[in-house]
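Hello,

Here is the structure I promised to pass on to you. Have a look at it first, and then read on for my notes.

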Amino acid sequence: TTNHLRHVELLTTLPSGAGEISPLNAVILGEALASEEDDLIFSNKEFSNKAHVSSPQKYLEMYKRSIVDSAGFWSDIASQFYWKQRWDEHCVYSENLDVRNGDIRIQWFKGGVTNICYNALDTNIQAGLGDKTAFFWEGNDLGQDATLTFSQLLNKVCQLANYLKDIGVKKGDAVVIYLPMLMELPIAMLACARIGAVHSVVFVGFSSESLSQRIMDCKPKAVITCNAVRRGSKVLNLKNIVDAALAESTNNGVSIDVCLTCENQSAMTRETTKWQIDRDVWWQDIVSKYPTTCEVEWVDAEDPLFLLYTSGSTGKPKGVLHTTGGYMIYTATTFKYAFDYKPSDIYWCTADCGWITGHSYVTYGPLLNGSTVVIFEGAPNYPDSGRCWDIVDKYKVTLFYTAPTLFVNRYSRKSLRVLGSVGEPINPSAWRWFYNVVGDSRCPISDTWLQTETGGFMITPLPGTWPQKPGSVTFPFFGVLPIIVDEKGNEIEGECSGYLCIRNSWPGAFRTLYGDHERYETTYFKPFPGYYYSGDGCSRDKDGYHWLTGRVDDVINVSGHRIGIAEIESALVSHRQCAEAAVVGVEHEVDLSPAYLYRLLDFTDLILKMDDLIFSNKDFIDLKNGGSNSKSYLIVIGGAEVPSGRRLVSLDVFRGLTVALMILVDDAGGFLPSINHSPWNGVTLADFV
Ligand code: WTA
């Protein structure tokens with residue numbers, strides 16, 4: 001606790017000469033400190049007055065309590081949820097994040113008995129929200145849509161839950177879900193949660209190899225999928241991918257008895273869907289025959305809720321395991337505060353449920369708050385780049401949460417109240433465009449930092465609470481103690497830059513890597529003993545604002561020179577012809593001198609220099625030919641230390657960009673081996689131009 005107090009002090013006191021004023025107070029009160037280069041964006045007074053946290057002072061009060069009396073703070077919040085049985089008051093959570101003091105066994109609300117599906121649906125219906133719209137579903141094609149109220153959603157969840165029970169799925173069993181953004185996807189997640197089964201959603205951009213790898217790891221009782229999906233003008237035959245994955249896992253001794261397949265009529269008919277009669281079942285034929293009520297399976301707060309695989313920099317994907325109680329409290333609370341959620345809001349998160357953002361902020365966080373959620377099946381650029389804004393308009397979206405890669409579309413919509421961003425550092429110019437153009441200089445931006453591992457937001461603005469700085473994720477969420485360490489693991493204070501770690505336990509934290517607790521400790525807790533290590537670089541400025549600089553392992557190593565990809569992206573977008581850039585790595589046999597790369601970062605005419613950069617790489621030449629009369633290039637920087645699929649999360653929307661850039665550089669490296677379990681599989685360069 002002494003450490004914690006000291007940390008709160010550090011976070012809330014200026015490093016030098018500013019006396020007793022906290023940085024937050026300072027920026028809001030003292031123009032003295034806010035020089036022009038601080039680039040502060042003040043929030044509108046009217047907005048702040050109505051916000052859940054209306055001032056920095058109020059935040060500091062709540063934040064201090066959340067750190068100093070963590071158990072009390074979170075217990076008060078948890079008490080607002082339904083628990084069949086209350087947790088052990090003497091042991092609200094376990095504190096140890098220090099491997100030197102023994103195993104890391106994070107627990108929250110141990111002994112508490114609850115169910116997240118019950119809290120997301122039944123309790124909201126009891127509170128009178130039965131007829132409120134839970135989901136607005138918007139299909140790939142214009143004019144294709146559907147809605148479900150909370151009561152209707154509960155009925156559908158119960159039918160599927162009953163079916164799953166009937167085929168023998170029990171508490172603790174895994175179920176793999178390989179579905180696009182149909183309403184069936186959150187329905188399947190909630191149905192699993194209702195009966196205590198552990199869902200593992202696999203993003204449909206993943207290949208059959210990746211899918212079978214996950215199936216073999218978690219050995220599910222059933223796989224839930226659909227026959228096909230339309231993305232823009234393309235049809236993706238998902239059933240074929242699933243068939244191949246199931247064949248592969250059967251060959252390796254893991255056979256699946258039931259493949260529940262939803263018929264997605266707009267994409268593919270039954271007649272053309274390949275079928276294995278003893279295994280495959282049409283969802284539409286069977287699930288609707290089951291009763292619309294289903295008893296809840298009450299589970300311990302620490303019983304597993306889901307497994308979500310995420311790429312590591314080496315080896316097989318990591319099965320990040322989240323449990324029930326802490327995750328429920330954390331996603332609900334972060335959603336409420338980071339978006340300043342009010343019951344009248346219409347919320348749209350463009351993330352797919354295949355990622356953590358979709359788990360926590362499409363399904364659980366919003367539904368636990370009784371929010372109306374927009375779910376979009378299609379591609380943001382289909383039929384044209386105005387699609388997102390048509391959707392915002394159509395449903396009068398007030399809270400719009402997306403990834404920076406989507407910022408390139410130029411529209412503005414009046415219903416918007418709060419904008420959110422996630423997944424990668426936003427460069428200040430993109431931030432400003434999002435703020436000024438999309439939000440009409442009126443909507444606060446929540447640039448939320450989270451990871452699959454953290455379950456929910458860790459560092460994020462609270463809308464209307466404090467002034468923003470374009471590109472900064474600002475301050476920690478309640479109960480989170482972020483610290484920055486140097487490469488030796490020493491905590492660095494004041495204005496600094498280094499590795500981002502977390503000092504304390506938070507309710508939404510993942511509890512283990514499935515089947516490999518040792519890897520969990522080695523990857524996250526051993527690099528800097530005493531802390532959770534995020535793998536991200538971060539700096540803190542003189543006002544205490546945090547700035548993410550990208551994955552520390554997203555580092556390009558060119559002949560021993562290390563460059564963060566965020567820096568390269570920022571340099572690229574400063575070019576007048578470049579709207580947005582995403583830098584990823586591929587190996588290349590030609591070694592390029594660092595001097596060359598630096599010259600590129602400091603370019604005056606990128607396109608000219610690109611001509612110098614053509615190597616013998618056939619893909620690149622194809623790309624260049626394909627893109628020659630548009631300004632479309634994809635720049636990829638390669639190097640020995642470029643890892644895995646993480647940065648590729650946004651590729652799916654990346655296809656909608658008008659300009660993407662590729663630089664081919666450097667030596668053989670670690671990129672290609674991991675390509676298998678990334679969404680790159682099956683994607684060719686032509687997809688990007
Ligand atoms: C990055 C995706 C900057 C970060 C949600 C992290 C961000 C990784 C932000 C996790 C943000 C996420 N600003 N970077 N607001 N949010 N990241 O697990 O590098 O797929 O470590 O979860 O995304 O990726 P993951």
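Below is what I found in it, taken part by part.

Please keep in mind that this is a predicted model.

**The sheet**

A good place to begin is the open sheet of 7 strands, which has mixed pairing and runs in the order β3-β2-β15-β14-β16-β17-β18. Which strands stand at the edges? They are β3 (145–149) and β18 (445–448); each has a single partner strand, so one side of each is left without a neighbour in the sheet. From one strand to the next, the twist averages 20 degrees.

Within this sheet, β14 (residues 346–349) and β16 (residues 399–402) are paired in the parallel sense, with 3 bridges. If you want a place to see that pairing, go to W348, whose bridge partner in β16 is F400.

Two helices are worth viewing together with the sheet. Helix α13 (residues 356–368) packs on it and touches β2 (133–138), β14, β15 (372–376), β16 and β17 (418–422). The direction of α13 makes about 165 degrees with that of β14. Helix α14 (residues 387–395) lies across β2, β3, β14, β15 and β16, and runs at about 145 degrees to β2.

Following α14, look for K396 in the loop between α14 and β16. K396 is not a glycine, yet its phi is positive, at about 55 degrees. Is K396 buried or exposed? With a relative accessible area of 52%, K396 is exposed, because the cut-off for that word is over 50%.

**The cores**

In general, nonpolar side chains tend to be buried together in soluble globular proteins. Here, the largest nonpolar core has 152 residues, and the ones that touch the most other members are F109, L153, L160 and F478. Helix α7 (residues 150–166) gives the most to this core, with 9 residues. There is also a second, separate core of 24 residues; F400, A430, F434 and Y435 are among them. You will recognise F400 as the bridge partner of W348.

F109 deserves a closer look. This residue is found in the loop between α5 (70–78) and β1 (113–114), and it is buried, with a relative accessible area of 0%. Leaving out residues up to four places away in sequence, F109 touches W74, S75, A78, W83, W87, V92, A301, G325, G326 and I329. F109 also has a positive phi, near 55 degrees, although it is a residue other than glycine.

**A largely enclosed helix**

Why can helix α9 (residues 208–218) be called largely enclosed by the rest of the structure? The reason is that 8 of its 11 residues are buried. These are S208, S210, L211, S212, R214, I215, D217 and C218. Their cover includes β4 (174–178), β5 (198–201), β6 (222–226), α10 (238–251) and β12 (304–310). After α9 comes K219, with a positive phi near 45 degrees.

**Strand β19 and its partners**

Further along the chain is strand β19 (residues 482–485). P482 and I484 point one way from it, I483 and V485 point the other way, and all are buried. β19 runs antiparallel to strand β21 (residues 496–502), and 4 bridges join them. In that pairing, P482 stands opposite I502. β19 also pairs with strand β20 (residues 491–492) in the antiparallel sense, over 2 bridges, and there I484 stands opposite I492. β19 and β20 form a hairpin with 5 residues between them, and G489 in the turn has a positive phi of about 90 degrees.

**Around the ligand**

Which residues come nearest to the ligand? Of the 18 residues around it, they are D447, T448, Q451, T452 and D536. In D447, an N or O atom of the side chain is 2.7 Å from a nitrogen atom of the ligand. Oxygen atoms of the ligand are also reached: a polar side-chain atom of Q451 lies 2.8 Å from one, and a polar side-chain atom of D536 lies 2.7 Å from one.

**One more residue**

Finally, take a look at I125 in helix α6 (residues 116–129). At 23% relative accessibility, I125 counts as partly exposed. Apart from neighbours within four places in sequence, I125 is in contact with G130, F150, S151 and L154.

Enjoy exploring, and all the best.

Terms used. Residues are numbered from 1 along each chain as its sequence is written. This is a predicted model: local features need pLDDT of at least 70, side-chain atom pairs count only at pLDDT 80 or more; totals for chains, interfaces and linings use all residues. Side-chain values use heavy atoms; hydrogens and water are left out. Buried means under 20% relative accessible area, exposed over 50%, partly exposed in between (1.4 Å probe, protein chains only). Contact means heavy atoms within 4.5 Å. Two strands pair if DSSP finds at least two bridges between them. Axes are lines fitted to C-alpha atoms, for helices over the stretch in contact, and angles run from 0 to 180 degrees between N-to-C directions. A nonpolar core is a set of buried Ala, Val, Leu, Ile, Met, Phe, Trp, Tyr and Cys residues joined through side-chain atoms within 4.5 Å. A residue is near a molecule or strand if one of its heavy atoms lies within 4 Å of it. A polar contact is a pair of N or O atoms within 3.5 Å; within protein, one must be able to donate a hydrogen and the other to accept it, and residues adjacent in sequence count only if both atoms are side-chain atoms.
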